[in-house]
Amino acid sequence: MTAQKLDGTATAKAIKGEVAARVAALAAKGVVPGLGTVLVGDDPGSRWYVNGKHKDCAEVGIASLRVELPATATQEEIEAAVRELNADPACTGYIVQLPLPKGIDENRVLGLIDPAKDADGLHPTNLGWLVLGEDAPLPCTPFGIVELLRRHDVPIAGAEVVVVGRGVTVGRPMGLLLTRRSENATVTLCHTGTRDLAAHVRSADIVVAAAGVPGIIAADMVKPGAAVLDVGVSRVDGKIAGDVADDVWDVAGWVSPNPGGVGPMTRAMLLANVVALAESRA
Ligand SMILES: Nc1nc(=O)c2c([nH]1)NC[C@@H]1CN(c3ccc(C(=O)N[C@@H](CCC(=O)O)C(=O)O)cc3)C=[N+]21
């Protein structure tokens, strides 16, 4: 094991400390930020994530509001929950836990979130602000990946980055974020239609693996010394399997473990987004 660990657990803890200090400064002005969550159905994984978010809030002094709907909830019922949080002054920002049950129009629900309360940064308006280079809540996972790299002094400016996966929560916004002037990376966005994935990955100084295919990034695809971020979350025999094969640690310069890498950073940036929304309103 030669690669250095991109320690998401420790970095998230540091960020939570910074968020707690910002929450305390807001409290001095009489402002208590509140994070809302909308959980539909009883998927144990989703429930586990949402519980974690409320635990994180308690740790840093953010109030939390929990909305739960049964798996049988209709489009109208979910939309009503969103409207209620939009109107609730105690709710600074909120998330609708994805995925929503089959048959629900997810994009319609996301589109109804007040962009000024979009803790996930996934509202079309906020994705648009990202394209335009204006300040707005950032999608938590890409935001967390940038912070994880920065705080481990991995050079980003001028780096060749290969992102594997074009999903809306990770891959697509990751490319937008890293190509901003402030990050200045060169990004190649690979996906299932990419003809020669290995050739692309081999040229990368930074690899963001968000395909959701266990072990898709093999050691012989990685440039020696590269930074490899493992975003994939698959379950194999009840255990979390990332997109990055174990022997990549022998070749890479940095690797984010999974668990303990990008996941805790995603959670920390959600808190950072909520406190930033509260600050901009205070
Ligand atoms: N609206 C919405 N926003 C999200 O941010 C969102 C979502 N929906 N749906 C599901 C995905 C998944 N996600 C994770 C967050 C933290 C960990 C995490 O902290 N994992 C730990 C432990 C993993 C374990 O042991 O199960 C780790 O990586 O160390 C993982 C996955 C957020 N998501």
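Reader: Where is the place of Pro-259?

Author: Pro-259 is in the loop between strand E11 (254-255) and H9. Keep in mind that this is a predicted model.

Reader: What kind of peptide bond joins Asn-258 and Pro-259?

Author: A cis bond; its omega is about 0°.

Reader: What kind of bond joins Leu-98 and Pro-99?

Author: That bond is cis too, with omega about 0°. Pro-99 belongs to the loop between strand E4 (93-96) and helix H4 (106-112).

Reader: Which residues are closest to the ligand?

Author: Val-96, Gln-97, Leu-98, Asp-120 and Gly-260. In total, 15 residues surround the ligand. Each one counts as near because one of its heavy atoms lies within 4 Å of the ligand.

Reader: What makes the pair formed by Val-96 and the ligand a polar contact?

Author: The cut-off is a pair of N or O atoms within 3.5 Å. A backbone N or O atom of Val-96 lies 2.7 Å from a nitrogen atom of the ligand. The pair is therefore a polar contact.

Reader: How do you know that Gln-97 makes one with the ligand?

Author: Here the side chain supplies the N or O atom, and a ligand nitrogen atom is 2.9 Å from it. That is within 3.5 Å, so it counts. Pro-264 offers a backbone N or O atom, 3.5 Å from an oxygen atom of the ligand.

Reader: How much of the ligand does the protein bury?

Author: Taken alone, the ligand exposes 670 Å², and the protein buries 78% of that.

Reader: Which helices each supply at least two residues of the shell around the ligand?

Author: Helix H2 (44-60) and helix H9 (262-281) do. The largest share, 4 residues, comes from H9. By class, the shell has 7 nonpolar, 4 polar and 4 charged residues.

Reader: Why is Asp-237 called exposed?

Author: Exposed means over 50% relative accessible area. Asp-237 has 76%, so it is exposed. Asp-237 is found in the loop between strand E9 (234-236) and strand E10 (239-241). Its phi is positive, near 50°, in a residue other than glycine.

Reader: Why does Asn-184 count as partly exposed?

Author: Buried means under 20%, exposed means over 50%, and partly exposed lies in between. Asn-184 has 43% relative accessibility, so it is partly exposed.

Reader: Where is Asn-184 found?

Author: In the loop between helix H7 (171-178) and strand E6 (186-190). Asn-184 has a positive phi of about 65°, although it is not a glycine.

Methods
Residues numbered from 1 in each chain as written. Predicted model: local features only at pLDDT ≥ 70, side-chain atom pairs only at ≥ 80, totals over all residues. Heavy atoms only, no water. Polar contact = N/O pair within 3.5 Å; in protein donor to acceptor, adjacent residues only side chain to side chain. Areas by Shrake-Rupley, 256 points an atom, 1.4 Å probe, with all protein chains shown as cover. Nonpolar A, V, L, I, M, F, W, Y, C, P; charged D, E, K, R; others polar. Buried < 20%, exposed > 50% of the residue type's maximum accessible area, 1.4 Å probe, protein only.
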